[in-house]
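User: Hey, I've got a new structure to look at and could use a hand. Can you walk me through it?
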Amino acid sequence: MKKLLLLIFPILLMAQTPFILTGIKKVYPMVEINTKEVPQSYKDDFVSKLTAMTKNLNIDTTGYSPRPLVIQITTSSVADTLVYKTALIMGEEMRRLDDDEEVFAITYQMSDVIEPDDLKEELYESVDFLLEQFADQYVEDNQ
């Protein structure tokens, strides 16, 4: 048993997130801007970035897929400071093993929090960062 743990532990340390991205062939790209501080006009740019990243990975985004891949942007206050949270989230319908109940589960999530001086530039950098992290892990998981 000790040997097995010694073999598994380094593998877990190499994973970028606790999520596994093997076999993802189709997603439904979405952008949700849930704050008035971020212009809705950014949405089209973020959808384009998301679609370009998935295209580079050969992930189909045409039509509808029950597996959404969402860029979500929200704000919160930390003390007297307004911060922006960007998140890249994927979810899908799953069946629980114990009761066979169908539930919606988050199957990937990564986020970034920024306190921007230049909102547009830093928000775009944050989204790019999240997309790069996803792409890197996708490539690694599917080798």
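Analyst: Sure. One term to start with: helices and strands here are DSSP runs, numbered from the N terminus. Also, this is a predicted model.

User: OK, so where does D99 lie?
Analyst: D99 is in the loop that sits between β3 and β4.

User: Is D99 buried or exposed?
Analyst: In between. D99 has a relative accessible area of 41%, so it counts as partly exposed, the class between under 20% and over 50%.

User: What does the side chain of D99 make a polar contact with?
Analyst: The side chain of R96, at 3.2 Å. The D99 side chain also reaches the backbone nitrogen of E101, at 3.0 Å.

User: Switching topic: how many residues are in the largest nonpolar core?
Analyst: It has 30 residues, and F46, I71, L88, L123 and F134 have the most contacts inside it. β1, α2, β2, β3, β4 and α3 each supply at least two residues of this core.

User: Which one gives the largest share?
Analyst: That's α3, with nine residues of the core.

User: And what does F46 touch?
Analyst: Leaving out residues up to four places away in sequence, F46 touches V31, I71, I73, L123, Y124 and V127.

User: Last thing: where is confidence lowest?
Analyst: In helix α1, residues 2-14, with a mean pLDDT of 45. Confidence is highest in β1, at 98. Over residues 1-13 the pLDDT is below 50, and that stretch has one contact in the model beyond near neighbours in sequence.

User: What about the mean for the protein?
Analyst: The mean pLDDT is 90, and 89% of the residues reach 70 or more.

Definitions and conventions
Residues are numbered from 1 along each chain as its sequence is written. This is a predicted model: local features need pLDDT of at least 70, side-chain atom pairs count only at pLDDT 80 or more; totals for chains, interfaces and linings use all residues. Side-chain values use heavy atoms; hydrogens and water are left out. A nonpolar core is a set of buried Ala, Val, Leu, Ile, Met, Phe, Trp, Tyr and Cys residues joined through side-chain atoms within 4.5 Å. Buried means under 20% relative accessible area, exposed over 50%, partly exposed in between (1.4 Å probe, protein chains only). Helices (H or I, at least four residues) and strands (E, at least two) are DSSP runs, numbered from the N terminus. Contact means heavy atoms within 4.5 Å. A polar contact is a pair of N or O atoms within 3.5 Å; within protein, one must be able to donate a hydrogen and the other to accept it, and residues adjacent in sequence count only if both atoms are side-chain atoms. pLDDT is the predictor's confidence in each residue, from 0 to 100.
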